[in-house]
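Biologist: Got a minute to walk me through this one? I'd like to start with the overall picture and then zoom in on one strand.

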Amino acid sequence: MRQEGIALVQGEIRRHSEEMTSKPIRIIVTGGTFDKAYDAIKGELTFKVSHLPEILKLARVTVPVAIEQNQLIDSLQMQDENRHSVLDACARAVEERIVVTHGTDTMAETACLIGPAGLAKTIVITGAMVPYQVQGSDALFNFGTAFTAVQLLPIGVYISMNGRIFAWDRVRKDRARGIFEES
């Protein structure tokens with residue numbers, strides 16, 4: 001009986017996995033520390049292009065993906081019109097599963113705009129405390145966690161940071177410790 005139960009669960013996991021990997025995932029890029037690069041001429045972190053194509057190649061992602069560069073902006077500079085642009089992109093997307101890369105300083109505010117919209121989609125927002133191109137970056141780990149989470153979570157809006165998943169309305173950034181926690 002135990003072996004039959006295990007085989008049944010394994011079959012269900014395999015069926016669910018095949019079903020999920022055939023559905024494309026939209027990645028909406030907004031910038032943030034995630035996509036910053038060091039400009040040696042200016043001596044500062046700036047935006048050039050998104051690192052998502054490189055990350056997807058490095059991670060050997062086999063799930064169909066559509067990348068949409070919504071904007072490249074530091075989240076501290078994000079205004080209501082920028083957040084509404086992200087919401088509109090999520091609403092327009094034909095995909096039911098969406099990962100949004102976003103600056104960590106205001107990602108919770110963007111989540112608070114998207115969450116109440118009640119979109120019938122699974123949306124996971126993630127970012128990085130250290131730019132992808134800088135040694136010791138958390139970008140790849142956070143993106144991988146969000147990419148997996150968007151395939152497994154039910155419809156809703158979430159933030160994925162520090163190896164954890166938070167509901168859009170129960171998360172805050174602890175700026176002193178540089179981590180996200182439940183609010």
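**Around strand E7**

Modeller: Sure. Keep in mind that this is a predicted model. In E7, Gly156 has Thr122 opposite it.

Biologist: Which strand pairs with E7 over 5 bridges, and in what sense?

Modeller: That's E6, residues 122–126, and the pairing is parallel. E6, helix H5 (residues 139–152) and E7 together make a β-α-β unit, a left-handed one.

Biologist: And what does E7 pair with over 4 bridges?

Modeller: Strand E8, residues 164–167, running antiparallel to E7. Within that pairing, Ile159 has Phe166 as its bridge partner.

Biologist: How many residues sit between E7 and E8 in the hairpin?

Modeller: There are 2, and Asn162 in that turn has a positive phi of about 55°.

Biologist: Okay, burial. Why is E7 described as largely enclosed?

Modeller: Because 6 of the 6 residues in E7 (156–161) are buried, the strand is largely enclosed by the rest of the structure. In a regular strand, side chains alternate between the two faces of the sheet. Here both faces are covered: Gly156, Tyr158 and Ser160 are buried on one side, and Val157, Ile159 and Met161 on the other.

Biologist: Zooming out, what's the secondary structure count for the chain?

Modeller: The protein chain has 5 helices and 10 strands. It runs to 183 residues, 45% of them buried.

Biologist: And how much of the accessible surface belongs to carbon and sulfur?

Modeller: 54% of about 9,800 Å².

Note on methods
Residues are numbered from 1 along each chain as its sequence is written. This is a predicted model: local features need pLDDT of at least 70, side-chain atom pairs count only at pLDDT 80 or more; totals for chains, interfaces and linings use all residues. Side-chain values use heavy atoms; hydrogens and water are left out. Buried means under 20% relative accessible area, exposed over 50%, partly exposed in between (1.4 Å probe, protein chains only). Two strands pair if DSSP finds at least two bridges between them. A crossover is right-handed if, with the strands pointing away from the viewer, the path from the first strand over the helix to the second runs clockwise. Accessible areas come from the Shrake-Rupley method with a 1.4 Å probe; for residues, only the protein chains shown count as cover.
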